[in-house]
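I sat down with this one to see what could be read from it. My notes follow in the order I looked things up.

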Amino acid sequence: MTSEARVVAITANTPNSKADITPLKPAHKPAMKQRRTFLRPLMQRVIPPCCGLLVLIAIWQVAALNSSGFPTPVDTWQAAVTLFADPFYNAGPNDQGIGWNVLASLQRVAIGFGLAALVGIPAGFLIGRFTFLARMLNPIIALLRPVSPLAWLPIGLLLFQRAEPASSWTIFICSIWPMIINTAEGVQRIPQDYLNVARVLKLSEWTVMRKILFPAVLPSVLTGVRLSIGIAWLVIVAAEMLTGGLGIGFWIWNEWNNLNVEHILIAIVIIGVVGLLLEQALMLLARRFSWE
């Protein structure tokens, strides 16, 4: 079945017909589109972590219901409210608030990590720059790097005869390796053309280090620093459990002896949050000095 279309010619005899012009309302679609564009990335960032947190709380609740003595999330929350009501109280050398214990652990981490950075970063530069040093020290690094952190603690106690320097020593010896390795690899990956230009210009070794090597290796150095701070914060908890005194590790062990499991769970969350903040701060610093 075919359909035909007719073309009607408009002549002067055709009566004029007026067309009604209806003004269009201003469309709000661009504003709505901008709002959706803004909300979509926000929801994509917020919803998945919230879902993961809800799954973790649900698993926690199921484990608490099927285990005697294990606190529920509600019990832990109530204990946290009481604990953080006065986090900086001081009732004696062995009875201080959670805030003082976290600060004491951060102080030990700062000492051990700072010494590791002062030694590890220059050592990485030298190992990456000079082949002889690399061949001499690489077997030692490969031998000592996998040693457990707690194996270094008795050596520190023997050397320093006190618990306080021994904890910082353990952090130092365990966090130095990522900085050495990442710095050395960053130096070795520098294009040879840069060094050839330095030879042509007859630059001194100090000028090469300062003007060529350090700017090019800085992203690798910051990567090693970021890895080292995580190791340092991980080691201090185990070291303080054995050495005692003021610190988050000793506080966890003391709460276990008092059977305060809620406080142990709270301390685990605190350790995770502090470690996350330290790593995120170093990641922001790394992005600030990235070549990109």
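**Contacts along the chain.** I began with contacts between residues at least 6 apart in sequence, and 69% of them join residues at least 24 apart. One such long-range spot I looked up is alanine 163 and threonine 243: they sit 80 residues apart along the chain, yet their C-alpha atoms are separated by 5.5 Å. Alanine 163 belongs to helix 6. Leaving out neighbours within four places in sequence, I found alanine 163 in contact with Leu157 and Thr243. Alanine 163 has 28% relative accessibility, so I logged it as partly exposed.

**Confidence.** I have to keep in mind that this is a predicted model. The mean pLDDT of the chain is 82, and 85% of the residues reach 70 or more. Residues 1–5 stay under 50, and the model gives them 0 contacts beyond four places in sequence. Where pLDDT is low, the predicted coordinates should not be read in detail. I therefore leave the details of residues 1–5 alone, as their pLDDT is under 50.

**Fold.** How many helices and strands does the chain have? I get 10 helices and 0 strands. Written from the N terminus on, the order of elements is α-α-α-α-α-α-α-α-α-α. Of the 292 residues, 33% count as buried.

**Core.** Next I went to the largest nonpolar core, which has 52 residues. Val109, Phe125, Leu213 and Ile248 touch the most other members. The elements giving two or more residues to this core are helix 2 (73–83), helix 3 (98–129), helix 4 (131–144), helix 6 (163–188), helix 7 (192–200), helix 8 (205–243), helix 9 (248–257) and helix 10 (261–288). Which helix gives the most? Helix 8 does, with 13 residues.

I picked phenylalanine 125 for a closer look. Setting aside neighbours within four places in sequence, phenylalanine 125 is in contact with Thr183, Val187, Met209, Leu213, Phe214, Val217 and Val221. Leu213 is thus both a contact of phenylalanine 125 and, with Phe125, one of the residues that touch the most other core members.

**Serine 228.** I stayed on helix 8, where serine 228 has its place. Buried or exposed? Serine 228 is buried, as its relative accessible area is 0%. What does its side chain reach? I found the backbone oxygen of serine 175 at 2.7 Å, and the backbone oxygen of glycine 224 at 2.9 Å. Not counting residues up to four places away in sequence, serine 228 touches Phe113, Ser175, Pro178 and Met179. Serine 175 therefore turns up twice in my notes on this buried side chain, once for its backbone oxygen and once in the contact list.

**Cysteines.** I checked for disulfides and the structure holds 0. Cysteine 50 is in none, and the nearest cysteine sulfur, that of cysteine 51, is 7.0 Å away. A disulfide needs the two sulfurs within 2.5 Å, so that pair does not qualify. Cysteine 50 counts as partly exposed at 41% relative accessibility. Cysteine 174 is down at 9%, so I put it with the buried residues.

**Aromatics.** My search of the whole structure turned up 4 aromatic pairs. A pair of rings is described by the distance of the centres and the angle of the planes. For phenylalanine 88 and tryptophan 100 the centres are 5.2 Å apart and the planes at 85 degrees, so I wrote this pair down as edge-to-face. Phenylalanine 88 lies in the loop between helix 2 and helix 3, and tryptophan 100 in helix 3, so the pair ties together parts that are 12 residues apart in sequence. Both partners are partly exposed: phenylalanine 88 has a relative accessible area of 43%, and tryptophan 100 is at 34% relative accessibility.

The other pair I noted, phenylalanine 160 and tryptophan 169, is tilted, with 6.4 Å centre to centre and 55 degrees between the planes. Phenylalanine 160 counts as partly exposed at 37% relative accessibility, whereas tryptophan 169 counts as buried at 18%. The cut-off for buried is under 20%, so tryptophan 169 makes it. Finally, I noted that Trp152, Phe160, Trp169 and Phe172 form one aromatic cluster.

Conventions: Residues are numbered from 1 along each chain as its sequence is written. Side-chain values use heavy atoms; hydrogens and water are left out. A nonpolar core is a set of buried Ala, Val, Leu, Ile, Met, Phe, Trp, Tyr and Cys residues joined through side-chain atoms within 4.5 Å. Buried means under 20% relative accessible area, exposed over 50%, partly exposed in between (1.4 Å probe, protein chains only). Helices (H or I, at least four residues) and strands (E, at least two) are DSSP runs, numbered from the N terminus. Contact means heavy atoms within 4.5 Å. A polar contact is a pair of N or O atoms within 3.5 Å; within protein, one must be able to donate a hydrogen and the other to accept it, and residues adjacent in sequence count only if both atoms are side-chain atoms. pLDDT is the predictor's confidence in each residue, from 0 to 100. Rings of Phe, Tyr and Trp (its six-membered ring) pair if their centres lie within 6.5 Å; planes under 30 degrees apart count as stacked, over 60 as edge-to-face and the rest as tilted.
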